[in-house]
Amino acid sequence: MKDKFYQYIQQLQDTITSKLEELDGTAKFQQDFWEREEGGGGRTRVIENGSVFEKGGVNISKVHGPLPKSMQNYFGVEDVDFFACGLSLVIHPKSPMVPTVHANWRYFEMYDKDGNIVDQWFGGGQDLTPYYLFEEDAIHFHAVCKKACDAHNPAFYTAYKKKCDEYFWNAHRNEARGVGGLFFDYCKATEETSMEDWYNFVTEVGNSFLDAYAPIVEKRKDLLYSQEQRDWQEIRRGRYVEFNLVHDKGTLFGLKTNGRIESILMSLPPHVQWRYDHHPEKGSEEDKLIQVLQSPKNWV
């Protein structure tokens with residue numbers, strides 16, 4: 001399973017980076033290979049200063065070895081070995097009219113001292129963070145997510161949409177990071193669902209990513225915007241940074257397993273503002289976004 005999934009994410013990285021380069025039209029992804037001292041490594045691809053994308057990363061990694069003490073406590077296990085691989089991406093467009101997007105799909109195994117698998121699961125999801133709310137974009141993104149889920153289980157979309165709204169919640173701000181999407185974790189084999197079934201589901205979601213995001217970029221990338229709208233985008237990016245550094249489990253996992261810091265923090269945008277006690281004008285387009293972030297909607 002781990003070899004099959006790692007092969008899948010290598011191909012998916014190629015597919016996604018090719019399409020994003022095509023959408024941008026000028027910038028290309030720069031590629032770095034890195035190795036982790038304790039075992040494994042990854043292939044990081046970053047795009048910067050493009051016509052459409054100001055900064056973005058589409059990274060794959062495969063790490064293994066003894067599970068660090070801090071993560072043993074987190075998972076409630078003793079001295080075990082682990083393997084983890086996944087693809088993680090964050091794309092920050094230049095225009096405030098184009099939403100930021102995040103996605104990741106990952107697989108994890110744990111072993112006893114004889115090398116037997118004692119636990120294994122899939123996790124992942126994809127979510128959209130707009131700066132200006134175009135409702136049809138949120139509806140489109142969620143409709144693609146629902147279609148991918150419905151192909152496997154009619155209960156998945158509702159459950160994983162709810163988990164996404166709960167997970168990407170900036171509790172200290174009492175608002176969502178964006179308009180959500182899907183979030184699932186610890187997808188383990190049951191009597192009804194095999195690991196092969198989970199593999200088919202997770203890869204279906206991965207394959208749906210470009211269908212969910214690319215049409216929104218096409219539609220919004222040439223819209224005009226003002227400096228004030230750009231300022232608003234940078235203020236909202238501050239909230240994105242806060243979530244990733246304060247709440248995100250993926251960031252924590254990377255830091256605690258001695259991952260490559262440049263790859264872990266590639267999700268941070270290059271231009272951000274923190275303004276003291278900033279509130280948009282009531283009834284404005286900016287305020288319209290805040291209202292939805294404070295009480296997440298059902299889009300489909």
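Strands E1 and E2 pair in the antiparallel sense over six bridges. The model in which this pairing is found is predicted. Strand E1 covers residues 30-35 and strand E2 covers residues 40-48. Within the pair, Glu35 stands opposite Gly41 of E2. Four residues lie between the strands of this hairpin, and Gly39 takes a positive phi near 140 degrees there.

**Pockets**

The hairpin strands also take part in a pocket. Both E1 and E2 give two or more residues to the lining of the second largest pocket, as does helix H8 (261-264). The greatest contribution comes from E2, with three residues. The residues that line this pocket are Gln30, Asp32, Thr44, Val46, Glu48, Lys55, Arg260, Glu262, Ser263, Leu265 and Met266.

The largest pocket has a lining of 15 residues, and those closest to its centre are Glu175, Arg239, His278, His279 and Gln294. Two elements give two or more residues to this lining, namely helix H6 (227-246) and helix H9 (285-294).

The volumes and the classes of the lining residues are set out below.

| Pocket | Volume | Nonpolar residues | Polar residues | Charged residues |
|---|---|---|---|---|
| Largest pocket | about 250 Å³ | four | four | seven |
| Second largest pocket | about 150 Å³ | three | three | five |

In the lining of the largest pocket, seven residues are charged, beside four nonpolar and four polar residues. Charged residues number five in the lining of the second largest pocket, beside three nonpolar and three polar ones. Among the residues closest to the centre of the largest pocket are Glu175 and Arg239, while the lining of the second largest pocket includes Asp32, Glu48, Lys55, Arg260 and Glu262.

**The surroundings of Thr203**

A further site of interest is Thr203, which lies in helix H5 (residues 195-220). Is Thr203 buried or exposed? Thr203 counts as buried because its relative accessibility is 8%, and the cut-off for a buried residue is under 20%.

A polar atom of the Thr203 side chain lies 3.2 Å from the backbone oxygen of Asn200. When residues up to four places away in sequence are left out, Thr203 touches Phe5 and Tyr8. The picture for this residue thus joins a place in helix H5, a buried position, a polar neighbour in the backbone oxygen of Asn200, and contacts with Phe5 and Tyr8.

Conventions. Residues numbered from 1 in each chain as written. Predicted model: local features only at pLDDT ≥ 70, side-chain atom pairs only at ≥ 80, totals over all residues. Heavy atoms only, no water. 1 Å grid on protein atoms, 1.4 Å probe; cavity = no way out; pocket = protein on both sides within 12 Å on 5 of 7 lines; lining within 4 Å. Points joined across faces, edges and corners; volume = space filled by probe spheres on them. Nonpolar A, V, L, I, M, F, W, Y, C, P; charged D, E, K, R; others polar. Buried < 20%, exposed > 50% of the residue type's maximum accessible area, 1.4 Å probe, protein only. Polar contact = N/O pair within 3.5 Å; in protein donor to acceptor, adjacent residues only side chain to side chain. Contact = heavy atoms within 4.5 Å. Pairing = 2+ DSSP bridges.
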